Amino acid sequence: MKKIYFGLALLMFGGAVLADMESIKTQAVESIDRQSGQLIELSDQVWAFAETALQEHQSAAVLADYAEAQGFAVTRGVAGMPTAFTARYGAGKPVIGIMGEYDALPGLSQQASVVKSPLEEGAAGHGCGHNLFGAASLGAAVAIKQLIASGSLQGTVIFFGTPAEESVSGKNYMIREGLFDDVDVALAWHPDYVIKADTASSQAMVEIRIQFEGQAAHAAYDPWNGRSALDALELTTFAINQLREHVKPSVRMHYTITGGGDVPNVIPEHAGLWLWLRDSSHDGVNELIGRVRKIVEGAAIATGTTGELNVITGTYEMLSNIAGARLIQRNFEWLGPMQFDQGEIDFARELQKATGKEQLGMNTTAEPFDDNPGEPEGGSTDVADVSWKVPTLQLLVATAPIATPWHAWPVVAAGGMSIGHKGMLYAAKSLAATMVDLYVDADARAAIHAEWLEDKGGRVYKPFLADGPPPLPGQ
Ligand SMILES: [Zn+2]
């Protein structure tokens, strides 16, 4: 009954719609405030677990347990990944999805301190702030769930627990599984040192494994019987480095050598290269793959070995959405600036000092709206692949000091203390408020969808993904 009455009010009184929207958003923010202790605890737990791609067993478990305790229908281990899950609540349209990541980066273990000092030497750390990412998104999903339960909103909310962003691109497997098929609009955010409605794209990227096979022989007694896989690999890296001069400035190529023989007195029979290629579009990346394939063929011919190039996974470039970003911008303005106390500003300045940056402290207000961001900065995300499946909105919130290096220890440090917690809660509120817009305002949803269709321009999304299951560790 309440729902019908509310629907009539929406139809009849334009002014009442705004007032209702405002009060629903206020309830969403109050929900985040009520959850703040639990969200901080979740974030800190995931920060301390610091589990890398597809190993996020404890991290996924605490987030999924929280969702279940809050009344969501949780499905664990989706899309062939034990650490992926979905949490669903509500019925009918619209279906709004929100993504949460929780994987850490190898080797970045760090205490929540202003001095570079690992928690555990050589262990992983949250150098991209994904401990905050998962907790904030889940907090927003829970706020929306409560509003659906109380009848203030109608529709379905799905939290996507998306593992393995830093490597593997877990979301691609979740897309392939059809998990995003009924979603109308998806949201994500990312920890940053700015507060921003993200209108920029991101780089398309592929992960490639190149393997050479040669012939072993004694390196001094009968080297003429040998064919060195390592020689082929060295020719390959040499040619890739020559190629750098003949690609667009938007291209990034980086690699590590995963195998190059065991001892110098045996001619290496096996050699392996792990190569990532990036450009501002997936077309650009496809062209690069073709050029590297030729290099591998040439290196194999030159050395009498065989070479194989396999695209393991990758991501598309992000289809950003200006109509959706405008909603986000308005919600940043509605929420007002972030607040940091003197102790937090001092902490930020110490981190800046330790990394040779200007001691500017923290950003607290949203960047001006940028509807013409140009070429993407370096970096890729599998959120972009979701953006080719459903219209996707993304925001950035300050969880680390201005200009400190990313994928580095200061991000881990700030993400494990109150600076990161405040960023996480602010992100949760921004996301929840934007989701309220998406449930209530059908015109906004239609505008977002129309822009997305136009951007996609009829192009077919064909993910960079090898056939078969996700590459689980130890398999
Ligand atoms: Zn990240």
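**A walk through the sheet, the zinc site and the helices**

Leu187 has Leu393 as its bridge partner in strand β11, and this pair is a convenient place to enter the structure, which is a predicted model. The two strands that meet around this pair are β5, covering residues 185-192, and β11, covering residues 392-398, and they run parallel, joined by seven bridges. In general, the strands of a sheet pair through backbone hydrogen bonds, and they may do so either parallel or antiparallel.

Stepping back from this pair of strands, the reader can follow an open sheet of seven strands, whose order is β1-β2-β4-β3-β5-β11-β6 and whose pairing is mixed. The edges of the sheet are taken by β1 (73-76) and β6 (196-197), and because each of these has a single partner strand, one side of each is left without a neighbour in the sheet. Helix α3, made of residues 57-69, packs on this sheet, where it touches both β1 and β2 (85-90), and its direction makes about 155° with that of β1.

The loops around these strands hold some backbone details that deserve attention. In the loop between β2 and β3 (95-100) lies Pro94, and the peptide bond that leads from Lys93 into Pro94 is cis, with omega near -5°. Further along, the loop between β4 (156-161) and α5 (170-176) contains Ala164, a residue that has a positive phi of about 55° although it is not a glycine. Ala164 is buried, its relative accessible area being 0%. Ala403, which is found in the loop between β11 and α11 (409-415), likewise has a positive phi, near 70°, without being a glycine. Ala403, however, is partly exposed, with a relative accessible area of 30%.

We can now turn to the metal site. The zinc ion is coordinated by the SG atom of Cys128 together with the NE2 atoms of His130 and His190, at 2.1 to 2.2 Å. Along the chain, the donors of the zinc ion follow the spacing C-x1-H-x59-H, and both Cys128 and His130 are buried.

Another group of strands is arranged around β9, which runs from residue 270 to residue 279 and is mostly covered, since eight of its ten residues are buried. Strand β7 (residues 204-213) runs antiparallel to β9 and is joined to it by ten bridges, and within this pairing Met205 stands opposite Arg278 of β9. Strand β8 (residues 252-259) is also antiparallel to β9, here with seven bridges, and Gly259 has Gly272 in β9 as its bridge partner.

The last stop is a pair of helices, α6 (residues 229-243) and α7 (residues 282-303), whose axes come within 9 Å of each other and cross at roughly 140°. This crossing of α6 and α7 is right-handed. On the α6 side, the contact is made by Asp231, Ala232, Leu235, Thr236, Ala239, Ile240 and Leu243, while α7 contributes Arg291, Val292, Ile295, Val296, Ala299, Ala302 and Thr303. Sorted by character, the residues in the contact of α6 with α7 comprise ten that are nonpolar, two that are polar and two that are charged.

Notes. Residues numbered from 1 in each chain as written. Predicted model: local features only at pLDDT ≥ 70, side-chain atom pairs only at ≥ 80, totals over all residues. Heavy atoms only, no water. Axes fitted to C-alpha atoms, helices over the stretch in contact; angles between N-to-C directions. Helix = DSSP H or I, 4+ residues; strand = E, 2+ residues; numbered from the N terminus. Left-handed = near helix turned anticlockwise from the far one by under 90°. Contact = heavy atoms within 4.5 Å. Nonpolar A, V, L, I, M, F, W, Y, C, P; charged D, E, K, R; others polar. Pairing = 2+ DSSP bridges. Donors = N, O, S within 2.8 Å, 3.2 Å for Na, K, Ca; no water. Buried < 20%, exposed > 50% of the residue type's maximum accessible area, 1.4 Å probe, protein only.
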